[in-house]
Amino acid sequence: MFQVVTDAIVLDKEFTYDAHVRVHLFTKECGKIVGKATSARKITSKLGAHLEPLALSAVQFVQKNHLPQIIDALTKRRLPPEAMPVLRMVRMLAPEYEPDHELWALLAGEVPSPSRVLAVLGYDPLFASCEWCGKPPSHFSLKTLFFVCADCVPRCGAAYDCAAL
């Protein structure tokens, strides 16, 4: 069992049974991790408010059994709501437990463009074309991991799951 204290951006959270929460974090030291916050939904919880999506927090966790157990968190600042689509991309595309200092610098700064985040994650739109017709892409489908142009977004069936570049 080891203990880590690092800065983290809360990408998303899922409610599990009882008052526990599964939190998706992108940390400076460990990359993307999924941690468990015990009793974070209780009204008396000190963790609940600091583990909301879009929060850049100082997080302390211990690696215990399967999921890291989050034992402390303190919000440093909140990212603007415009960052949510970018954080959703990071949650889906970034590998777990692989620190990426370039991606961390990009996310911790101002709101990055989706195309810049995709480029850092290895899906550079500069070298891509629409999967259906070959035109320059304007969207990226998180469902299929395809680049598509504006004309083909309805055709690919993932219009609700596309991020504009």
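User: Which residues does the face of α2 turned away from its buried side carry?

Analyst: That face carries the exposed residues His101 and Ala105. Exposed means over 50% relative accessible area, buried under 20%, and partly exposed in between, with a 1.4 Å probe and protein chains only. The model is predicted, so local features need pLDDT of at least 70 and side-chain atom pairs count only at pLDDT 80 or more, while totals for chains, interfaces and linings use all residues. Residues are numbered from 1 along each chain as its sequence is written, and side-chain values use heavy atoms, with hydrogens and water left out.

User: What makes the buried residues of α2 lie on the same side?

Analyst: In α2, the buried residues are Leu103, Trp104, Leu106 and Leu107. They cover an arc of only 165 degrees around the axis, and therefore lie on the same side of α2. The arc is that of the directions from the helix axis to the C-beta atoms.

User: What covers the buried residues of α2?

Analyst: The cover includes β1 (3-15), β2, β4, α1 and α3 (114-120). Contact here means heavy atoms within 4.5 Å.

User: How do you know on which side of α1 its buried residues lie?

Analyst: Helix α1 (residues 84-93) has Val86, Leu87, Met89, Val90 and Leu93 as its buried residues. Their arc around the axis is only 155 degrees, so they are on the same side of α1.

User: Why is Met84 called partly exposed?

Analyst: Met84 lies in helix α1. Its relative accessibility is 29%, which is not under 20% and not over 50%, so Met84 counts as partly exposed. Not counting residues up to four places away in sequence, Met84 touches Leu11, Pro53 and Leu54. The C-alpha atoms of Met84 and Leu11 are separated by 8.0 Å, with the two positions 73 residues apart along the chain counted as their distance apart.

User: Why is Leu54 called buried?

Analyst: The relative accessible area of Leu54 is 11%; this is under 20%, so Leu54 is buried. Leu54 is found in the loop between β3 (31-37) and β4. Although not a glycine, Leu54 has a positive phi of about 80 degrees.

User: Is Tyr97 buried, partly exposed or exposed, and what is its relative accessible area?

Analyst: Tyr97 has a relative accessible area of 41%, in between the 20% and 50% limits, and is therefore partly exposed. Its place is in the loop between α1 and α2 (101-108). Tyr97 is not a glycine, yet has a positive phi of about 60 degrees.

User: How do you know that β4 and β5 pair, and in which sense?

Analyst: Two strands pair if DSSP finds at least two bridges between them. Strand β4 (residues 55-63) and strand β5 (residues 68-78) have 9 bridges, so they pair, in the antiparallel sense. Gln60 stands opposite Asp72 in β5. The hairpin of β4 and β5 has 4 residues between the strands, and in this hairpin Asn65 takes a positive phi near 60 degrees.

User: What makes β2 and β3 a pair?

Analyst: Strand β2 (residues 21-27) is joined to β3 by 7 bridges, and the two run antiparallel. At least two bridges are required, so β2 and β3 pair. Arg22 has Lys36 in β3 as its bridge partner. The hairpin that β2 and β3 form has 3 residues between them.

User: Why is β3 called mostly covered?

Analyst: Of the 7 residues of β3, 6 are buried.

User: Why is Leu165 called partly exposed?

Analyst: The relative accessibility of Leu165 is 33%, which falls between the limits, so Leu165 counts as partly exposed. Leu165 lies in the segment after β8 (162-164). Leaving aside neighbours within four places in sequence, its contacts include Ser115, Leu118, Pro125 and Phe147. Ser138 is also in contact with Leu165; the two are 27 residues apart in sequence and 5.4 Å apart in space, C-alpha to C-alpha.

User: How many helices and strands does the chain have, and what makes a run count as one?

Analyst: The chain comes to 4 helices and 8 strands. Helices (H or I, at least four residues) and strands (E, at least two) are DSSP runs, numbered from the N terminus. From that end, the elements run β-β-β-β-β-α-α-α-β-β-α-β. Of the 165 residues of the chain, 47% count as buried.
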